[in-house]
Structure formats: structure tokens, C-alpha cells
2 protein chains.
Amino acid sequence: MASVGIKDVAARAGVSVATVSRVLNAHASVSPAARERVLAAVDALGYRPNTLARSLRTDQTRTLGLVISDVLNPYFTELARSVEEEARALGYSIIFGNADERPELQDHHIRTLLDRRIDGLLVSPADGGSPLVLDAARAGTPMVFVDRWIPGLDVPVVRADGSSAVRDLVAHLHGLGHRRLAIIAGPAATTTGSERVAAFRDALAAYGLELPAEYIGQGDFQAASGRRATERFLALPEPPEVVFAADNLMALGALDAIRARGLRIPQDIALAAFDDIPWFVHTDPPVTAIAQPTGELGRAAVRALTDLIEGRTPESVTLPARLVVRSSCGEHPPTGTTRRSDA
Amino acid sequence: MASVGIKDVAARAGVSVATVSRVLNAHASVSPAARERVLAAVDALGYRPNTLARSLRTDQTRTLGLVISDVLNPYFTELARSVEEEARALGYSIIFGNADERPELQDHHIRTLLDRRIDGLLVSPADGGSPLVLDAARAGTPMVFVDRWIPGLDVPVVRADGSSAVRDLVAHLHGLGHRRLAIIAGPAATTTGSERVAAFRDALAAYGLELPAEYIGQGDFQAASGRRATERFLALPEPPEVVFAADNLMALGALDAIRARGLRIPQDIALAAFDDIPWFVHTDPPVTAIAQPTGELGRAAVRALTDLIEGRTPESVTLPARLVVRSSCGEHPPTGTTRRSDA
DNA sequence: AATCCTCGTGTAATCGATTCCACGAGGAGG
DNA sequence: CCTCCTCGTGGAATCGATTACACGAGGATT
């Protein structure tokens with residue numbers, strides 16, 4: 001039952017544990033004969049080094065932590081996938097934590113990750129900055145923010161800039177004749193929560209349009225909040241002509257609410273969303289959305305973090321998002337299929 | 001920079017490391033006074049035990065590995081979420097691995113997990129059984145299969161039985177007048193790949209219907225394969241009236257293919273899927289699907305695994321799946337909203 | 001031929017916890 | 001008053017690796 005250790009390998013190869021360690025780590029000089037015997041012993045015994053012991057000694061785990069805001073959100077899921085892929089290519093593994101958009105759950109995972117002595121942390125903060133994150137950052141834990149970030153910290157940020165895409169969206173909507181535009185925002189404590197509202201408001205201003213308070217629904221990036229916000233919009237004396245959801249889950253909730261009211265999209269009300277996902281092609285109707293270069297973001301984030309860990313100078317990265325027009329805001333659907341460019 | 005260790009705590013509290021360890025682990029007897037001082041020192045220093053050292057010594061990590069077949073599949077994502085939740089409640093953490101339906105990637109993750117000395121493994125095998133999985137099972141690694149399994153191994157299985165739901169589906173389809181029914185299958189090397197075809201064929205047989213070879217599309221549970229299989233169906237001299245996709249991603253691919261052909265659902269061709277997801281409510285049209293009690297499965301799997309680890313006798317669990325009728329197979333959509341019961 | 005490197009190797013300290021064992025103090029029982 | 005537990009505590013071994021240091025053998029340099 002006792003799994004085989006380095007001692008067993010050493011014994012079988014007739015060398016010391018030091019030599020075994022040396023061949024395994026391509027260290028220093030080892031005679032070809034000894035190397036041969038060690039390698040033979042290793043796979044005769046099926047030896048696998050104990051990473052716990054190794055990490056304890058070397059003080060590095062070659063593991064990165066990734067705390068994502070919500071696993072049920074396809075955007076984060078795709079992000080997680082690309083992060084893991086890039087990390088693997090660079091010789092790191094990833095341990096995920098899912099925050100479910102709850103700051104206390106986020107902290108739980110960060111704590112666990114830190115306890116495991118991960119080499120670095122990738123976070124998409126669910127709030128404006130828990131003491132835990134702040135302390136970790138100040139204590140010098142290698143850390144990179146992805147998608148969302150916390151201002152005022154010397155931590156590289158990898159994210160997409162949606163403002164130009166939001167301008168395109170508003171231009172599109174305005175061109176279709178819409179004038180009363182509403183937004184379902186994310187939590188103000190998150191950068192993506194507040195920035196998307198600001199970008200939307202600015203874009204409206206360019207057309208001389210206002211964004212009245214009752215046209216800002218407060219959501220939390222989860223489907224249920226999108227539903228509630230939309231119901232509130234629809235109950236208004238003068239409901240908006242367009243609802244723009246700041247993420248895809250709240251768009252799903254909006255879809256629920258609109259369908260429950262028996263309204264049609266886009267005839268009765270138009271819908272657009274931040275974050276494009278494959279399902280938006282097949283919803284009724286296909287949803288106009290702002291697509292982020294998700295895969296690129298994940299890869300860039302990993303590169304930034306490994307740069308930081310390995311002593312190179314990481315750079316913050318901002319990539320542009322882009323508008324993908326479908327038919328949920330009115331007019332004819334675009335001819336042909338509109339596909340996402342991000343693979 | 002050297003993070004604080006148990007020695008620092010001991011020094012500050014004026015006791016030995018043994019005593020510190022004892023209060024931290026609620027072991028043996030410690031005087032209230034000493035306990036007090038230790039606790040004070042612990043949070044004055046912000047001490048956190050090094051889990052690597054602890055695990056090395058105790059030979060347990062209180063960590064479970066979960067290898068899922070595909071993170072981009074909402075079914076597995078939901079499974080992962082419930083698994084983590086239940087594990088957390090029981091005092092374990094989860095490390096995920098995403099196999100992307102590729103056996104070699106699955107093996108990579110299992111190897112990594114094993115190297116980390118996880119206490120137990122939850123697997124949804126992407127193939128009929130890699131040597132790695134077989135060896136681990138035989139070597140006595142606590143292991144539980146979830147969703148899919150490998151026959152002939154003494155490993156508990158937690159899964160859903162879809163056969164009765166498939167019968168319901170076929171009855172529904174037959175009742176709508178459909179007679180030429182096709183299926184997009186998963187890889188034959190997976191149990192869910194072959195069982196769903198078998199269940200479908202059996203259900204058809206009850207109505208005196210055949211399942212000809214050209215009506216069995218070979219997929220791999222990924223969207224692209226669903227698209228290809230559907231294109232092949234549509235190119236047949238006598239195309240099927242219904243396509244039943246064995247998972248939701250292949251259904252997405254089928255949707256793509258059907259739309260690209262300019263056909264309408266359900267007038268030109270009907271569609272149904274295994275695995276229900278929130279988006280199916282809002283696709284065009286809403287998709288009739290077989291829903292698994294995903295959350296329950298995840299929780300049961302964790303309980304079985306922890307039973308195994310902690311020396312209790314785990315039990316295999318089979319829960320029923322159920323049919324959720326929407327409008328993608330014809331007829332009127334059900335009145336009211338059809339929601340998923342699984343929270 | 002004496003000296004000095006270089007090369008290959010082994011011994012032992014170390015990482016940070018847990019835990020067995022021994023030991024002294026104090027109370028109970030005789 | 002002596003003996004024997006029990007209780008609280010500390011010393012030191014241990015888990016399985018890595019790696020600094022020492023050392024002996026052999027070749028090269030003078």
C-alpha cells in the first residue's frame with residue numbers, strides 16, 4: 001500500500017536518493033550508466049515523485065489559482081478553459097474556484113488556494129476588494145486580474161474594452177429608431193458592473209439621449225436578477241424600447257421575463273447583451289451581443305501571471321470587444337450566419 | 001517574506017510546536033491558558049498552517065479530484081458546481097480537470113491529480129477505460145464514477161437512468177405522427193454513448209419501428225460532430241423526421257446544421273436532446289429534452305466518494321431522468337412555462 | 001612526479017507540519 | 001507519608017523530496 005518513494009528507486013538502482021533526484025530534475029552531472037539504471041528503476045516501479053514533498057522543499061507548486069465569478073456563466077467557462085490550456089502549455093496546472101458571484105465564497109476559495117501555496121493567482125473579483133485580496137496583493141502574492149479588477153492596486157489587469165462596441169451598439173439601436181434605452185447593470189462594486197453602464201450612458205449622450213435612473217436595473221450578473229429588473233422595466237408607465245443586459249445570464253433572465261409577459265422580440269421590445277455565446281445564435285430571436293476575445297484574454301492573463309512569477313515584467317492587456325449584430329433589436333436578420341471569431 | 005510557520009507561533013505563545021499543533025487540531029489535552037495564548041498568537045501573526053507539510057505528514061489532503069468530460073457543456077458545469085458545493089459542506093475541496101472529451105487529456109489530469117495525492121477521484125470517463133484509470137482503481141484509489149462508467153470494475157457508479165424518459169420521448173414522437181427517427185450518438189466507448197442508442201432502439205421497437213444504420217449518426221458529444229451528423233441525415237434520400245441528439249452540445253450543432261439548410265423546426269424536421277439546460281427554453285423553437293437530476297447526482301457522487309474514503313460502505317445510485325416536452329417536435333407548445341425541477 | 005581540477009556520487013540538513021514517547025507536577029487513594 | 005494516576009507539556013522522529021557540502025578517483029597541467 002505504501003506507495004513507492006525515491007528511496008525505493010534509489011535502492012533498486014543501487015544509487016543514493018541524491019542521484020535519483022538529480023536525474024529526475026536534469027540537475028548537475030550524473031553518469032550515463034547511473035542515469036540509465038535510475039530511469040529503469042523508475043519505470044519498473046512506476047515511481048511518481050510526491051509533489052507535496054517536492055513543493056514543501058522547493059517552495060513552489062507550479063500551480064496557479066483561478067477564481068472565476070460564476071461557473072454557470074458560459075463566458076467564464078470559456079475563459080477557464082483557455083486559461084487551463086495556456087497554463088498547461090507553460091508547464092503549470094490550474095486549480096479553479098467558483099465564486100458564484102458571492103464575495104464570501106470568493107474569499108473562501110482564495111484562502112484555500114493560498115493555503116495550498118499556489119505560485120500565483122488569477123482573479124476576477126466579485127466585489128470591490130475584500131481585505132483578503134488586498135492583503136495578498138500587498139504581501140506580494142503574484143496576482144493578475146482578469147475581466148474585472150480592483151482600482152488602486154499595483155496588479156496587472158487583462159481585460160476587454162467594450163466602450164467602442166457599446167458605441168456601435170447604440171448607433172445600431174439609434175439607427176433602428178429606438179430612443180428609450182434601458183440597461184441591466186451588474187453590481188456597482190465590480191468594474192464591469194459600473195463601466196458598462198458608464199459606456200452606455202456616454203454612448204447615449206453622443207445622440208443627445210439620457211439614461212434616466214428608472215432605466216437602470218440593478219442586477220448581479222445572475223439570471224434571476226435579469227428577470228426581476230426586466231419585470232420592473234415592463235411595469236413602468238413608459239417602458240423602454242430596448243433592454244441591454246450587461247451579461248449573458250441576465251439576458252437569459254430578461255428573455256424569461258419578456259416571454260412570461262407574452263411579448264415578442266424585437267417587435268414589442270428589443271434585447272441586446274454583453275458577452276456573446278453560442279446559444280445566442282439559436283435563441284428566439286438570435287440575440288445581438290458584444291463579443292469579447294475570451295480565449296485571447298485567458299491566454300494573455302496566464303502569460304502575464306507567469307511573467308510575474310518568473311521575474312519578468314508583466315504587462316496589462318486591454319483587448320477590444322466587438323458588436324455582433326443579430327435580429328433581437330429589429331430590422332432584418334443579417335444574411336448568412338454570424339459566427340464568433342474567437343475559437 | 002518567509003511566511004510565518006508553526007515555530008513562530010510557538011515562540012510567541014511561549015509553548016512548543018507540539019502544543020500549537022494540538023490546539024489547532026483539537027487534539028488531546030491542552031490547558032485553557034496555553035490554548036488561549038496560542039490562539040492569540042495565531043491571529044496576531046495571521047498564521048495559516050502549510051497544507052503541504054500537513055498533508056505530507058498525515059497522508060491525506062482532504063481534497064477530491066473531479067475529472068469532467070467537457071467544461072463547455074452546461075450539464076457538466078452544473079454537475080461540477082453541485083459537486084464542489086457538497087464537498088465543501090463535508091469539509092473537502094475539489095480540484096477539477098477538464099478532459100474536453102479527449103482521453104489523453106483526461107489521463108493527463110488524472111495523473112496530475114494522483115500526483116497531488118488527492119484523497120479520492122470522481123470521474124466521468126471519456127473512454128472505455130485507460131490503463132491509468134484501471135490501474136488506479138485496482139491499486140485501491142478511492143474512486144466513484146459519475147454519469148458515465150466503466151463496466152467490470154468494482155467502483156461505485158452514480159448516474160441517471162434515461163431509459164424510461166427515452167420511452168416517454170418516443171411515445172411523444174410517435175403520438176405526433178413521426179415514424180422516421182434518427183439519433184446522434186456519443187462515442188461508443190462511453191456508456192452514455194452506447195446506452196442512449198440502445199434505449200432509443202428498444203423504445204422504437206415497442207412501436208414496431210426500426211433504427212436503421214443510416215439513422216445513427218456518430219458524434220463525440222461536441223457541437224461540431226452534431227452538425228456533421230445532421231448534415232449527413234439531411235443529405236439522405238429519405239431524411240429522418242426527427243433528430244434526437246444524445247447531448248445538448250450536439251443538439252446545438254444540429255440546430256446550426258438545420259438553420260444553415262434553411263429548414264424550420266419542427267415543420268421540416270423535429271429535434272430533441274438529452275440533457276436539459278436553461279437555454280433550451282429560449283431557443284427557436286424551445287427544445288424538448290430529457291432532464292437529469294444533475295444537482296442530486298453531484299451530491300450523491302460526493303457522498304459515495306467520501307463514504308469510501310472514510311471507511312463506510314458507499315452505494316451506487318441510479319436516479320431517473322425525465323422528459324420535458326417543449327415545441328421542437330411539433331404540436332402546440334405546452335401552455336405555461338416548463339421549468340426544470342432541479343435547482 | 002606532484003598538484004590541481006573536474007566529475008560523479010553520497011551524507012545529511014532542511015522544508016513545516018503531526019504525533020509518539022517521556023517526564024514532571026499535582027491530586028487521589030491507601 | 002508514600003505510591004500511582006492523570007494531565008499538560010516538550011523533545012525528537014517522521015513524512016518524501018531537494019540540495020549544500022564533502023570526498024575520492026582520475027585526467028590534465030606544470
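A polar contact is a pair of N or O atoms within 3.5 Å; within protein, one atom must be able to donate a hydrogen and the other to accept it, and residues adjacent in sequence count only if both atoms are side-chain atoms. By this rule a backbone N or O atom of Ala53(B) lies 3.4 Å from a base nitrogen of DNA strand C. This is a predicted model, in which local features need pLDDT of at least 70 and side-chain atom pairs count only at pLDDT 80 or more, while totals for chains, interfaces and linings use all residues. Residues are numbered from 1 along each chain as its sequence is written, chains are lettered from A and ligands numbered from 1 in the order in which they are written, and side-chain values use heavy atoms, with hydrogens and water left out.

**Interface of chain A and chain B**

- In contact (heavy atoms within 4.5 Å) are 50 residues of chain A and 50 residues of chain B.
- The two chains bury about 4600 Å² between them, 59% of it on carbon and sulfur atoms; buried area is the accessible area (1.4 Å probe) that two parts lose on being put together, summed over both.
- Leu52(A), Trp279(A) and His282(A) supply 18% of the area that chain A buries against chain B, more than any other three residues.
- Between the chains there are 4 salt bridges, each a side-chain nitrogen of Lys or Arg within 4 Å of a carboxyl oxygen of Asp or Glu.
- Asp115(A) forms a salt bridge with Arg48(B), with the closest N and O atoms 2.6 Å apart.
- Across this interface, 19 residue pairs are in polar contact, both residues being at pLDDT 80 or more.
- Elements giving two or more residues to the chain A side include α4 (51–58), α5 (74–89) and α6 (103–115); helices (H or I, at least four residues) and strands (E, at least two) are DSSP runs, numbered from the N terminus.
- The chain A side divides into 21 nonpolar, 15 polar and 14 charged residues, where Ala, Val, Leu, Ile, Met, Phe, Trp, Tyr, Cys and Pro count as nonpolar, Asp, Glu, Lys and Arg as charged, and the others, Gly among them, as polar.

**DNA strand C**

- DNA strand C is surrounded by 27 residues, the closest being Ser29(A), Ile6(B), Ser21(B), Asn50(B) and Arg57(B); a residue is near a strand if one of its heavy atoms lies within 4 Å of it.
- Sugar and phosphate make up 64% of the strand C atoms that come within 4 Å of the protein.
- Phosphate oxygens of strand C lie 2.3 Å from a polar backbone atom of Ile6(B) and 2.7 Å from a side-chain N or O atom of Arg54(B).
- Helix α4(B) gives the most to the surface near strand C, with 5 residues.
- That surface has 11 nonpolar, 10 polar and 6 charged residues.

**DNA strand D**

- Around DNA strand D there are 27 residues, the closest being Ile6(A), Ser21(A), Asn50(A), Arg57(A) and Ser29(B).
- Sugar or phosphate holds 67% of the strand D atoms within 4 Å of the protein, and bases hold the rest.
- Polar side-chain atoms of Asn25(A) and Tyr47(A) lie 3.0 Å and 2.8 Å, respectively, from a phosphate oxygen of strand D.
- From chain B, a side-chain N or O atom of Thr19(B) is 2.8 Å from a phosphate oxygen of strand D.
- Helix α4(A) gives the most to the surface near strand D, with 5 residues.

**Salt bridges over all chains**

- The structure holds 36 salt bridges over all chains.
- One of them joins Arg180(A) and Glu241(A), with the closest N and O atoms 3.5 Å apart; the two residues are 61 residues apart and link distant parts of the chain.
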